[in-house]
Amino acid sequence: MRQKAYAQAMRVIACALMVWQVWMMWHIASYEASTVQWSCDGTGGCASDQFAAVAPFAGVLCAAALGLLSARFLHRATPGAMIALSAVACAAGWYDAVADGRVLYGTVTDFHIFFPVGRFSVSDWLTFLWSAAGLGCLAAWWGAAVSLRRTAGLRRLSRRYTTADAVLEGWRSAGRKYGEVTVVFEDQAGVRHEVPAVVERSALRRDVLAVYDADHPGDPALTRVAVPHRKLLRLS
């Protein structure tokens, strides 16, 4: 238990450091965007030896790394959260650049990520970034809701319910994605229970948990099937 708690603490620290890294990369990318000098050849290729020129690319890589580290906590909300964080950090860089007199809201400048995106005013970039942040937040909320439903997250927080490793037997289709199965598990007293439930088809290929009422372990109305999140990256 202590080793698991230590691994979780290390993961949280790593996530916090990566959040800072993502923020810094995207903040630098926009804060110094107007000062980047590009050298272009006749074939349309451009390059620069300034760090701000590669900061957006570094920001994408850092956001991807943060997504892998934080997926255990954020589940399906991870992609939306990474988009929102990157967009807000980039917007903050533009605001700071305006505050420090580097640019004005009407200043037209270019911005590179993997390639030149185009030349727009700072106000236009901010509009785009806040729109991206809003879409990212919506995606994160939707992903969080899906994850809470699939993992029975809220129910598992209640002391009234407990979990047990379960096996799904049988399958009778109840729609395109759902079907009726029998959930087989043993409660804390070692008593075997077989409870009917409706699950998504994808649950048949995953390890699942039975989330049941400790006082009424065989009650179908109080039993849910939880599909734990896959561990993409383990620190223990």
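1. A good place to start is the pairing of β5 with β6: strand β5 (residues 161-173) runs antiparallel to strand β6 (residues 178-186), and six bridges join the two. Please keep in mind throughout that this is a predicted model. Within this pairing, R172 has E180 of β6 as its bridge partner.

2. Zooming out, β5 and β6 belong to an open sheet of five strands, arranged in the order β7-β6-β5-β8-β9 with antiparallel pairing. The edges are formed by β7 (192-200) and β9 (224-226), each of which pairs on one side only. On average, neighbouring strands in the sheet are turned by 40° against each other, direction ignored.

3. What packs on this sheet? Helix α4 (residues 122-151) does, with contacts to β6, β7 and β9. The direction of α4 makes about 115° with that of β9.

4. Now to the cysteines, if you are setting up bonds for a calculation. The disulfide count is zero. For C62, the nearest cysteine sulfur belongs to C15 and is 13 Å away, and C62 is in no disulfide. C62 counts as buried because its relative accessibility is 12%, under the 20% cut-off.

5. Why is C137 without a bond to the closest cysteine sulfur? That sulfur, in C90, is 15 Å from the sulfur of C137, which is too far for a bond; a disulfide would need the pair within 2.5 Å. Buried or partly exposed, where does C137 fall? With a relative accessible area of 37%, C137 is partly exposed, whereas C62 is buried.

Notes. Residues numbered from 1 in each chain as written. Predicted model: local features only at pLDDT ≥ 70, side-chain atom pairs only at ≥ 80, totals over all residues. Heavy atoms only, no water. Pairing = 2+ DSSP bridges. Helix = DSSP H or I, 4+ residues; strand = E, 2+ residues; numbered from the N terminus. Axes fitted to C-alpha atoms, helices over the stretch in contact; angles between N-to-C directions. Contact = heavy atoms within 4.5 Å. Buried < 20%, exposed > 50% of the residue type's maximum accessible area, 1.4 Å probe, protein only.
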